[in-house]
Amino acid sequence: MNTEVNRIYNWIPKHARGLLAAVVIYNSLVYYVSRIIASGKPHFDFSLRIDDSIPFAAWTILIYWGCYLFWIINYILCSRFDKKQAQRFLSADLLGKTVCLFFYIFIPTTMSRPDIVGQDIFSVLMRLLYALDAADNLLPSIHCFVSWMCYIGMRGDARYSLQYRIFSCLFAVAVCISTLTTKQHVFIDVIAGIVLAEGCFALTKRMIKQEEYVA
């Protein structure tokens, strides 16, 4: 086990190790500390009519949870860019999480969830998800933000195959859809997560010049 961990560690370039660690730690701080600070405050429900028309599909929890592996792989791949590109990508993540922290504290959100009565494996997993993850910290959706970052981080870069870049796009879209079909988020959360990723990525491009960036 230690050998495999060392291999993964050595595969991450030195210039990205500190920022990658910061991304992981900061994500947990944003999600859990904001929940503590916002507890007891009024929470807003931004559900729209379109959310009522989106069907619940318990099986999509496989996509919802499967995205964690997608995140790990793509964040490591994006960290293997040249130093400035890796800094741009990981700084965009940290900036986006800071925006999320602001929203989670000052505009806390919630939503209604369906009662899960089935006994199939997907229903059991959905009940577990609802028990582990309260219906808050919704806007913007971190699930959608991070998944879209996984796509735009390598979008247009020929150092990775076109097939994998297309896969990253399709899987990011699938994750966004799964947040709706598992009733973990509402439509506006998804749009906000995608827009946030695009905005932070564009901003860090201006802040950190990319001489070797392949557009």
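**Entry 1: Asp189**

I started with the surroundings of Asp189, and beyond its neighbours within four places in sequence I found it in contact with Leu138, Leu139, Pro140 and Ser141. A reminder to myself before going on: this is a predicted model. Asp189 sits in helix α9, which covers residues 187–207. I then looked for a charged partner. Asp189 is buried and has no salt bridge. Its nearest side chain of opposite charge is Arg113, 10 Å away.

**Entry 2: Asp51**

Next I turned to another acidic residue, Asp51. I placed it in helix α3, residues 49–53. Which side chain of opposite charge is nearest to Asp51? I found Lys183, at 6.1 Å. A salt bridge needs a nitrogen within 4 Å of a carboxyl oxygen, and Asp51, though buried, has none. What does the side chain of Asp51 reach at 2.7 Å? I traced it to the backbone nitrogen of Leu48. Leaving out neighbours within four places in sequence, I listed the contacts of Asp51 as Phe46, Leu180, Lys183, Val186 and Phe187. So Lys183 turns up twice in my notes, as a contact of Asp51 and as its nearest opposite charge, with a contact meaning heavy atoms within 4.5 Å.

**Entry 3: the salt bridges**

How many salt bridges does the structure hold? I noted four.

I looked up Arg35 and Asp133 to begin with. They form a salt bridge, and their closest N and O atoms are 3.2 Å apart. This pair links distant parts of the chain: Arg35 belongs to helix α2, while Asp133 is in the loop between α6 (121–132) and α7 (142–152), and the two are 98 residues apart. Buried or exposed? I found both Arg35 and Asp133 buried.

Then I went to Asp93 and Lys97, whose closest N and O atoms are also listed at 3.2 Å in a salt bridge. These two residues are four apart in helix α5, so about one helical turn separates them. Asp93 counts as buried because its relative accessibility is 0%. Lys97 has a relative accessible area of 1%, so I put it down as buried too.

My next pair was Glu198 and Arg155, which form a salt bridge with the closest N and O atoms 2.9 Å apart. Glu198 lies in helix α9 and Arg155 in the loop between α7 and α8 (162–181), so this pair ties together parts 43 residues apart in sequence. Glu198 counts as partly exposed because its relative accessibility is 28%. Arg155 is partly exposed as well, with a relative accessible area of 30%. I also noted that salt bridges sharing partners join Arg35, Asp133 and Asp136 into one network.

**Entry 4: Ser91**

Back in helix α5 (residues 83–106), I checked Ser91. At 24% relative accessibility, Ser91 counts as partly exposed. I compared sequence and space for Ser91 and Cys200: they are 109 residues apart in sequence, and their C-alpha atoms are 8.4 Å apart. With neighbours within four places in sequence set aside, the contacts of Ser91 are Thr204 and Ile208.

**Entry 5: a nonpolar patch**

I finished on the surface. Which residues make the nonpolar surface patch of about 430 Å²? I wrote down Val24, Ile25, Leu29, Val33 and Ile37. I looked closer at Ile37, which is in helix α2 (residues 14–38). Ile37 counts as partly exposed because its relative accessibility is 41%.

Note on methods: Residues numbered from 1 in each chain as written. Predicted model: local features only at pLDDT ≥ 70, side-chain atom pairs only at ≥ 80, totals over all residues. Heavy atoms only, no water. Buried < 20%, exposed > 50% of the residue type's maximum accessible area, 1.4 Å probe, protein only. Lys, Arg positive; Asp, Glu negative; His and termini not counted. Polar contact = N/O pair within 3.5 Å; in protein donor to acceptor, adjacent residues only side chain to side chain. Patch = residues over 30% accessible without salt bridge, like charges linked within 9 Å, V, L, I, M, F, W, Y side chains within 5 Å. Areas by Shrake-Rupley, 256 points an atom, 1.4 Å probe, with all protein chains shown as cover.
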